[in-house]
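Got the viewer open? Load the model, and let's take a short walk through it, one selection at a time.

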Amino acid sequence: MISQLKNEKKVVGVKQTRKAVLSGRAKTVFLACDADPAVTGPVEALCREQNVPLESGVTMKELGSQCGISVGAAAAALLRE
């Protein structure tokens, strides 16, 4: 599933992911397991509230790499077409 981040429309970062969830554009949200829970916790709660599927179990480095950026990412979201 995470490999879809390379080729599909996405947003990267906690703020952009949060905006995508709130606007209903997020199809799936990915949260890094090694990110600070104080940063990812509110996004996770919002996803559960909005019934957006969550994926975790990837590191910040892996998530950043799959998104095509050279730094780690705490959150990313696949967007609806």
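Start by selecting V52: which residues does V52 touch, not counting residues up to four places away in sequence? Show the side chains and you should find V21, A26, K27, T28, V29 and C47, where contact means heavy atoms within 4.5 Å. Before going on, a word on ground rules: this is a predicted model, in which local features need pLDDT of at least 70 and side-chain atom pairs count only at pLDDT 80 or more, while totals for chains, interfaces and linings use all residues. Residues are numbered from 1 along each chain as its sequence is written, and side-chain values use heavy atoms, with hydrogens and water left out.

Stay on V52 and bring up the ribbon. V52 sits in the loop between α2 (37–50) and β3 (54–58); helices (H or I, at least four residues) and strands (E, at least two) are DSSP runs, numbered from the N terminus. V52 is buried, with a relative accessible area of 11%. Buried here means under 20% relative accessible area, with a 1.4 Å probe and protein chains only. Now draw a distance from V52 to T28: the two are 24 residues apart in sequence, yet 6.1 Å apart in space, C-alpha to C-alpha.

Next, the core. Select V21, A26, V29, C47 and V52, which have the most contacts inside the largest nonpolar core, a set of 13 residues. Such a core is a set of buried Ala, Val, Leu, Ile, Met, Phe, Trp, Tyr and Cys residues joined through side-chain atoms within 4.5 Å. Colour α1 (14–22), β2 (26–32), α2 and β4 (75–79) too, as each supplies at least two residues of this core. Another core, of 11 residues, lies apart from it; A32, A35, C67 and A73 are among them. In soluble globular proteins, nonpolar side chains tend to be buried together.

Now zoom out to the whole protein chain. How many helices and strands does the chain have? There are 3 helices and 4 strands, running β-α-β-α-β-α-β from the N terminus on. The radius of gyration, taken over C-alpha atoms, is 11 Å, close to the 12 Å from the globule rule for 81 residues, so the chain is as compact as a globular protein of that length; the rule is 2.2 Å times the number of residues to the power 0.38.

Last stop: turn on contacts for the whole chain. Of those with a separation of 6 or more, 78% are between residues 24 or more positions apart. Colour by burial to finish, and 36% of the 81 residues count as buried.

Notes: Buried means under 20% relative accessible area, exposed over 50%, partly exposed in between (1.4 Å probe, protein chains only).
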